[in-house]
Amino acid sequence: MPYLLNGSSRPVGGAAVEWLTWLKTFKSIGCDSALLTWKGAQEIVSRSVNFDIVESFKLDKGIPKIKFLTYELPLLFWAIKKYNPDFIVQECASRFTGILAIIAKILKKPFIHRIASDMDVDERIEGNISDFYLKLYYYGIKNASHISCQNKYQYNTLKNKYPDKSISILYNPFEMRKDVINNNSKEYIAWVGNFRYEKNLPALAKIAKSLNEYKFKIVGTRLDDNDEDTSVGIHELEKLKNVEFVGHLNNDKIPEFLSKAYCLLNTSRLEGFSNTFLEAWSVGVPVISTKNVNPDNLISDYNLGVVSNDYESLPEIINDFISSQKYLEFEDRCRNYVANNHNPENLASQFLKDMIKSNQK
């Protein structure tokens, strides 16, 4: 999040975008909030914020294999103890889920975990982090006072595992722009995301290749350690004349970029609740995805785009969608959905109620 606040070109995940909205909105409903982050973060934040920034440890210090115990945990403990919050909230499956749960138990504070991705609740997480960090993550999940989910799949999976635990579903908040972007001049098919395995870039390359009459614009950046699948996808995309790599776009530029698109194409193998969907819908742009990513069937039930059963059908679906100008039918519906279902104040108030209620049990 410090890099997001700095406007840096460094890759930023959806959780950072989501939590920037949560923190700002908690303050607006009368609840103080703080970002717990690393030492030196305050120096790179280039804009004023209405929440506190609490620094803890330096990223480049500590003995690698044991620094979580000998360095990270103690400094996080003292930073949290000094700030003295009523709740400790953490999102994304990592060692910090367990570390913060331990600190919360020592300080006798409620620990709240927010699920970031569908794979965080099933067996797919096991191949994503080391065995030891996985144990820390599971410790955090088991000892959380409350777990906040993004969709029904996450909720049902966790309820089956932990039937007595306080768990709820809360959709991501989204701030609608006051200056409405109305762009009827559509120019390309948009794709937005960090370049990693889950995003399935090889599938994107096959679709773009078969639809060479349409321009594809890709927003995103390479990670330092791209997997082989992603590298293959990037290589194939770079060979296509109808594909343009836009690179990184600051978060406030994304809506304008999406407003010029026929649709936002999603090729991911899995997601939780993609913020890019909300960004597209907020400017009246529909989403075309596969059944792999259709959280709570929202795209289908609210008619916010098109969902394909497989990747092979997507080129035909996209061609029909654009050639028949179906994308014009979605503008008001998509905007209204976001305004009615992802209002930040309403969701932040409910999040606070969920946390308080779980602590009263």
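Visitor: Over how many bridges do E3 and strand E4 pair?
Guide: Keep in mind that we're looking at a predicted model. Strand E4 covers residues 111-114, and E3 runs alongside in the parallel sense. The number of bridges between E3 and E4 is 4.

Visitor: Which residue in E4 stands opposite Glu 91, and which stands opposite Ile 88?
Guide: Let's take the two one by one. Ile 88 has Phe 111 of E4 across from it. For Glu 91, the residue opposite in E4 is Arg 114.

Visitor: Which helix does the chain pass through as it crosses from E3 to E4, and what is the handedness of the crossover?
Guide: Between these two strands the chain goes through helix H5, residues 95-107. That makes a β-α-β crossover, and its hand is right-handed.

Visitor: What is the order of the strands in the open sheet that 4 strands form?
Guide: The pairing in this open sheet is parallel. From one strand to the next, the twist averages 20°. Reading across, the order is E3-E4-E5-E6.

Visitor: Why do strand E3 and strand E6 each have one side without a neighbour in the sheet?
Guide: Strand E3 (88-91) and strand E6 (167-169) stand at the edges. One side of each is left without a neighbour in the sheet because each has a single partner strand.

Visitor: Which helix packs on the sheet, touching strand E5 and E6?
Guide: Look for a helix against E5 (146-149) and E6. Its direction makes about 165° with that of E6. It spans residues 152-161, and its name is helix H7.

Visitor: How many residues does the largest nonpolar core have, and which helix gives the largest share?
Guide: The largest nonpolar core has 55 residues, and Phe 216, Leu 265 and Trp 281 are among those with the most contacts inside it. The largest share of this core is 6 residues, from residues 201-210, which is helix H8.

Visitor: How many residues are in the other core that lies apart from it?
Guide: Ile 99 and Val 121 belong to this other core, and so do Phe 111 and Leu 136. Phe 111 is also the E4 residue that stands opposite Ile 88. The count for this other core is 30 residues.

Visitor: Is strand E10 largely enclosed or left open by the rest of the structure?
Guide: Buried here means under 20% relative accessible area. In E10 (residues 261-265), 5 of the 5 residues are buried, so the strand is largely enclosed.

Visitor: What are the bridge partners of Ile 189 in E10 and of Leu 264 in E11?
Guide: E10 pairs with E7 in the parallel sense over 3 bridges, and with E11 in the parallel sense over 2 bridges. The partner of Ile 189 in E10 is Cys 263. For Leu 264, the partner in E11 is Val 287.

Visitor: Which helix makes a right-handed β-α-β unit with E10 and E11?
Guide: You'll find it at residues 275-282. The helix in this right-handed unit is helix H11.

Visitor: Is Asn 200 buried or exposed, and which residue's side chain does it join in a polar contact?
Guide: Asn 200 sits in the loop between strand E7 (188-192) and H8. Its relative accessibility is 6%, so it counts as buried. Leaving aside neighbours within four places in sequence, it is in contact with Thr 267, Arg 269 and Tyr 311. The side-chain polar contact is 3.3 Å, and the partner is Tyr 311.

Visitor: What is the phi of Asn 297?
Guide: Most residues other than glycine have a negative phi. Asn 297, in the loop between strand E11 (287-290) and helix H12 (298-301), is not a glycine but has a positive value. Its phi is about 60°.

Visitor: What distance separates the C-alpha atoms of Lys 260 and Ile 181?
Guide: Lys 260 is in the loop between helix H10 (254-259) and E10, and counts as partly exposed at 27% relative accessibility. Along the chain, Lys 260 and Ile 181 are 79 residues apart. Their C-alpha atoms are separated by 9.6 Å.

Definitions and conventions
Residues numbered from 1 in each chain as written. Predicted model: local features only at pLDDT ≥ 70, side-chain atom pairs only at ≥ 80, totals over all residues. Heavy atoms only, no water. Core = buried A, V, L, I, M, F, W, Y, C linked by side-chain atoms within 4.5 Å. Buried < 20%, exposed > 50% of the residue type's maximum accessible area, 1.4 Å probe, protein only. Pairing = 2+ DSSP bridges. Axes fitted to C-alpha atoms, helices over the stretch in contact; angles between N-to-C directions. Contact = heavy atoms within 4.5 Å. Right-handed = clockwise from strand over helix to strand, strands pointing away. Polar contact = N/O pair within 3.5 Å; in protein donor to acceptor, adjacent residues only side chain to side chain.
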